[in-house]
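Work through these exercises with the structure open beside you. Try each task before you read its solution.

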Amino acid sequence: MRITLPTWFHKLASPPHFYRFARLLGPWLLWVSLLLMLIGAWGGLFLAPPDYQQGDGFRIIYVHVPSAYLSTMIYAVMATAAAIGLIWRIKLAHAVAAAAAPVGAWFTFLALVTGALWGKPMWGTYWEWDPRLTSELILLFLYFGYMSLRSAFDDQSRADRASAVLALVGVVNLPIIHYSVIWWSSIHQGPTISKLDAPSITTDMLWPLLVMILAYTLFFAAVLLQRVRAEVLDRERHARWVQELLAGPEGEVR
Amino acid sequence: MRLLRAMLLRDLRLAFRRWGDVVSPLMFFAIVTSLFPLALSPRHDVLQSLGPGVLWIAALLAMLLSLNALFRQDIEDGSMEQLAIGPHPLALLMLYKSLGHWLVAGLPLVALAPLLAVTYYLPGDAVAALCLTLLIGTPTLSLLGSVGAALTAGIRQSSGLLALLVLPLCLPVLMFGSRATALAGQGEDISGPLLLLAAMLALAASLLPLAAAAGIRISLD
C-alpha cells in the first residue's frame, strides 16, 4: 500500500513555505494558549478548593506540572527533529531542533525553580536529592551541553549534525539516567522524604491542570514557530526570498 | 581483523612512547584522592563513608583528562581520514579506539585503585568491589568519552565543553559504581548494581561506536 501525503505537507520542509505557514499559525496558537492560560489560572486560583493538607500552597502545580511535562516533551521534540534532520538531511528540521533547545532549557529551569519554591513550605527544604529533582537537573545539564556544542562550531551545517548526534545519544540516555536515579535512591540508605502522596485529585482541581497543560503546550508551539521563523531568516539571509521579504512588495520592512 | 589489531597496537605504542600522557591521569587520580582527607577530615569513619564516592569521582575525572587528545593526533596526521575512507566499518574501528583508550587510561586506574582505597580505610570487600566496578564501569566511560571526543575533535579549546557533554551521560555509571562499593563495605550483596553496570557496558559497546563514527565523519568534513 502506498501512503501519499498531501502536497502541503511536503512543502512545509521548504523554508519559505514554512515561514509563511508559521506566520499564519503562530498568532492563533499564541492567542488560544493565552486564553486557555487565563481560564486555567482562574480555575486553579479561584475555583479549585484548597488542599486539605497543603492549603493554598498546592496551587503552584498549575505552573510546575506543565513546565516539568514540557521539559521532557521538548527534549523529545528536539531529538525527533534532530533525527529527521540527520537522516533525511532536511535543514528545516535542524532549525526546529536549534530553536527548541533554549525553550526546553527554560521550562526545565522553571520546573526546578517552582519545585524548589513548593518544596520549601511542603518538605521544609528547597532542594532534596529526590529522583525526580535529580533527573530534572541532569536534563538541564543535557540542554546546556547541547546548546554549548551547537555554539562551539562556526560552520552551521557541522553544528547541526554534531548537535543532532548528541541529542540522539542524550535521548537514549535519558531513560537510563531517569531509572538509574530511581533505583539508586531505592537502595540509598538513610532518610528519604516520601514524595507527596498523590491523593485522588478532585475534578475541581484536575480540570484547571489539564487546561494549563494544554495552554502551555500551545504556548510552546507558538514560541517554537516564532523562534523557527527567526532561525530560518538567519540561516537563509542570503536567499532571494528573504531579501524580497525584507524589502517587501510595498517597500516596507516586516 | 589484522587492521584492527595493527591499529590497536599502534595506538598503544604511541601512547606508551609519550609516557607522560599515560602517567599523568594516574598522578591526577592519586593527588585528587589525597586532597579530600586533607581538606575534609582525616577521621577514619568520615573517610570510610566518603571513600567510594571520592575514588569513583576521581577515576571519572582522571579518565576525562585523557579524552581531549583521544582523536586529535589521528585527525591532524591524516590517519583518521584514511580509516574513514577505508573499506572497514568506521564504527568497529571506533570500538577498538575506545578499547585502546581504556587500556591506556582506564586499566591503570583499576590497578592503582586498591592502593588508594587502603588510604581511605575501606574494608577488603569494598576494595574488591571498587576494583570490580571500575573494571566494568570504566570501559563504558571510555565509550561515552569517545563520542564526546569525536564530536568536539574539530573544535579548539574543547576541554571544558567535553566535560559538559560527557559528565551528565556518565552519571549512571558513577552512581552505581560508587553505591555498589559502599554497599559492599557494609557487607551487602552487590550483584544487582554489578549486573546493571554490565548491562550499561553492553548497551554502550553496541550503540556508542556508531555515534562516535558519525561524530568523526562530521569532524572530518
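**Exercise 1. Find how many salt bridges link chain B and chain A.**

Solution. This is a predicted model. Step one: recall the cut-off, a side-chain nitrogen of Lys or Arg within 4 Å of a carboxyl oxygen of Asp or Glu. Step two: count such pairs between the two chains. The count is 0 salt bridges. Step three: turn to polar contacts. Between chain B and chain A there is 1 residue pair in polar contact, with both residues at pLDDT 80 or more.

**Exercise 2. Describe the side of chain B that touches chain A, by element and by class.**

Solution. Start with the elements. Those of chain B that give two or more residues to this side are α7 (124-151), α8 (159-185) and α9 (191-220). Which gives the most? It is α8(B), with 11 residues. Now sort by class. The side of chain B that touches chain A has 22 nonpolar, 4 polar and 3 charged residues.

**Exercise 3. State the extent of the interface and name the three residues of chain B that supply the most area.**

Solution. Count residues first: 29 of chain B are in contact with 27 of chain A. Next, take the area. About 2,400 Å² is buried between the chains, and carbon and sulfur atoms give 80% of it. Last, look at single residues. B:L169, B:R179 and B:I218 supply 23% of the area that chain B buries against chain A, more than any other three residues.

**Exercise 4. Decide whether B:T140 is buried or exposed, and list what it touches.**

Solution. Locate B:T140 in helix α7 of chain B. Its relative accessibility is 4%. Buried means under 20%, so B:T140 counts as buried. Now set aside residues up to four places away in sequence. B:T140 then touches B:V173, B:M200, B:L201 and B:A204.

**Exercise 5. Do the same for B:D74, then find the side chain that its own side chain meets in a polar contact.**

Solution. B:D74 sits in helix α4 (residues 72-76) of chain B. Because its relative accessibility is 6%, B:D74 counts as buried. Leave aside its neighbours within four places in sequence. The contacts of B:D74 are then B:R10, B:D11, B:S79, B:M80 and B:K97. Check side chains next. B:D74 makes its polar contact with the side chain of B:K97, at 2.5 Å.

**Exercise 6. Which residues have the most contacts inside the largest nonpolar core?**

Solution. This core has 130 residues. A:M78 and A:L149 have the most contacts inside it. Another core, of 5 residues, lies apart from it; A:I138 and A:W184 are among its members.

Note on methods:
Residues are numbered from 1 along each chain as its sequence is written. Chains are lettered from A and ligands numbered from 1 in the order in which they are written. This is a predicted model: local features need pLDDT of at least 70, side-chain atom pairs count only at pLDDT 80 or more; totals for chains, interfaces and linings use all residues. Side-chain values use heavy atoms; hydrogens and water are left out. Contact means heavy atoms within 4.5 Å. Buried area is the accessible area (1.4 Å probe) that two parts lose on being put together, summed over both. A polar contact is a pair of N or O atoms within 3.5 Å; within protein, one must be able to donate a hydrogen and the other to accept it, and residues adjacent in sequence count only if both atoms are side-chain atoms. Helices (H or I, at least four residues) and strands (E, at least two) are DSSP runs, numbered from the N terminus. Ala, Val, Leu, Ile, Met, Phe, Trp, Tyr, Cys and Pro count as nonpolar, Asp, Glu, Lys and Arg as charged, and the others, Gly among them, as polar. A nonpolar core is a set of buried Ala, Val, Leu, Ile, Met, Phe, Trp, Tyr and Cys residues joined through side-chain atoms within 4.5 Å. Buried means under 20% relative accessible area, exposed over 50%, partly exposed in between (1.4 Å probe, protein chains only).
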